[in-house]
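Trainee: I have a model open and want to read it properly. Can we go through it piece by piece?

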Amino acid sequence: MSNSPLRDFVVAVTHLVDQPHTEPEILAAVGPELAKLVARDDWLPDELAQPHPQFYRQYLLHADPLERFSVVSFVWGPGQRTPIHDHQVWGLIGMLRGQETAQPFGFAAGGRLQAQGDAVTLQPGQVEAVSPSIGDIHQVSNAWADHTSVSIHVYGANIGAVHRWTYAEDGSRKPFVSGYSNTSVPNLWDRSKENP
Ligand code: FE
């Protein structure tokens with residue numbers, strides 16, 4: 001297993017965030033890079049694809065040292081789902097393995113949350129975006145009741161440290177900071193096992 005697809009992705013996104021950009025520009029530029037990364041499923045280390053019996057896992061794969069972006073593997077055990085939540089920054093979700101379903105939410109008159117549009121089920125290789133300007137509140141679940149699913153997420157901040165919110169359908173919200181499930185990140189920099 002080679003880390004080079006992930007390293008190539010990290011290098012490409014580092015170049016992109018280093019240039020002046022608007023949010024639509026960065027989403028349009030990072031999206032194809034993420035699509036390229038999830039077009040193959042031979043690079044994610046097994047320890048960063050392990051489900052937990054009770055909780056979905058968020059493993060940090062890379063954090064930009066200036067916290068301009070972060071890359072996470074999201075690992076769903078059978079039937080697991082998030083609460084309704086937001087991100088506060090731009091994010092891109094690329095499906096690597098299995099399938100996940102995302103239901104967007106928006107505020108209705110009176111301040112309640114209501115489902116907005118149809119739920120979207122991502123297939124391996126597909127990418128979708130979230131952000132405060134294009135729709136930031138959703139609930140995500142493993143579309144599979146009997147298998148693990150894995151998606152790769154990129155966010156415009158160190159997402160595990162971002163102060164954000166979970167929501168109840170009555171529109172009330174609670175603060176949360178997600179943190180990460182792992183204590184060490186993949187070694188992207190050992191090139192000794194790669195072909196020259
Ligand atoms: Fe989300």
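The questions below go from the metal site to a helix, a strand, one core residue and the salt bridges.

Mentor: Keep one thing in mind from the start: this is a predicted model.

Trainee: Which protein atoms are the donors of the iron ion?

Mentor: Look for N, O and S atoms within 2.8 Å of the metal. Three histidines supply such atoms, at 2.1 Å from the iron ion. The donors are H85 (NE2), H87 (NE2) and H138 (NE2).

Trainee: How are the donor residues of the iron ion spaced in sequence?

Mentor: H85, H87 and H138 are the residues to line up. Write x for the residues between them, and the pattern is H-x1-H-x50-H.

Trainee: Is H85 buried or exposed?

Mentor: The cut-off for buried is under 20% relative accessible area. H87 falls in that class, and H85 does too. So by that cut-off, H85 is buried.

Trainee: What length does helix α2 reach from its first C-alpha to its last?

Mentor: Helix α2 covers residues 23-38, which makes 16 residues. At 1.5 Å a residue, the expected value is 22 Å. The model comes close to that, with a reach of 22 Å.

Trainee: Which elements do the buried residues of α2 pack against?

Mentor: Start with the residues themselves: I26, L27, V30, G31, L34, L37 and V38 are buried in α2. Their partners include one helix, α1 (4-18). The others are strands, so named in the model: β4 (91-97), β8 (127-130) and β10 (149-155).

Trainee: Which side chains of β8 point to the buried face?

Mentor: Side chains alternate along β8. V127 and A129 point to one face and are not buried. The other face holds the buried pair, E128 and V130.

Trainee: Which residue stands opposite G94 in β8?

Mentor: β4 and β8 run antiparallel and are joined by four bridges. G94 falls within the β4 range, 91-97. Opposite G94 in β8 stands V127.

Trainee: What residues does L6 contact, beyond its neighbours within four places in sequence?

Mentor: L6 is part of helix α1. At 0% relative accessibility, it counts as buried. One partner, L61, is 55 residues away in sequence, yet 8.4 Å away in space, C-alpha to C-alpha. The contacts of L6 are L37, W43, L61, V71, P186 and L188.

Trainee: How many salt bridges does a search of the whole structure find?

Mentor: Side chains of opposite charge can pair when their charged atoms come close. R40 and D42 give one example, at 2.9 Å from N to O. Both are partly exposed, R40 at 41% and D42 at 38%. Over the whole structure, the search finds five.

Trainee: Which parts does the salt bridge between R68 and D18 tie together?

Mentor: The closest N and O atoms of R68 and D18 are 2.9 Å apart. The two residues sit 50 residues apart in sequence, so the pair links separate parts of the chain. Those parts are the loop between β1 (57-63) and β2 (70-76), which holds R68, and helix α1, which holds D18.

Trainee: Which residues are linked with R68 in a network of salt bridges?

Mentor: R68 also meets D64, at 2.9 Å from N to O. Exposure varies across the group: D64 is buried at 3%, R68 is partly exposed at 25%, and D18 is exposed at 52%. The residues linked with R68 are D18 and D64.

Terms used
Residues numbered from 1 in each chain as written. Predicted model: local features only at pLDDT ≥ 70, side-chain atom pairs only at ≥ 80, totals over all residues. Heavy atoms only, no water. Expected span 1.5 Å × (residues − 1). Buried < 20%, exposed > 50% of the residue type's maximum accessible area, 1.4 Å probe, protein only. Contact = heavy atoms within 4.5 Å. Donors = N, O, S within 2.8 Å, 3.2 Å for Na, K, Ca; no water. Salt bridge = Lys/Arg side-chain N within 4 Å of Asp/Glu carboxyl O. Pairing = 2+ DSSP bridges.
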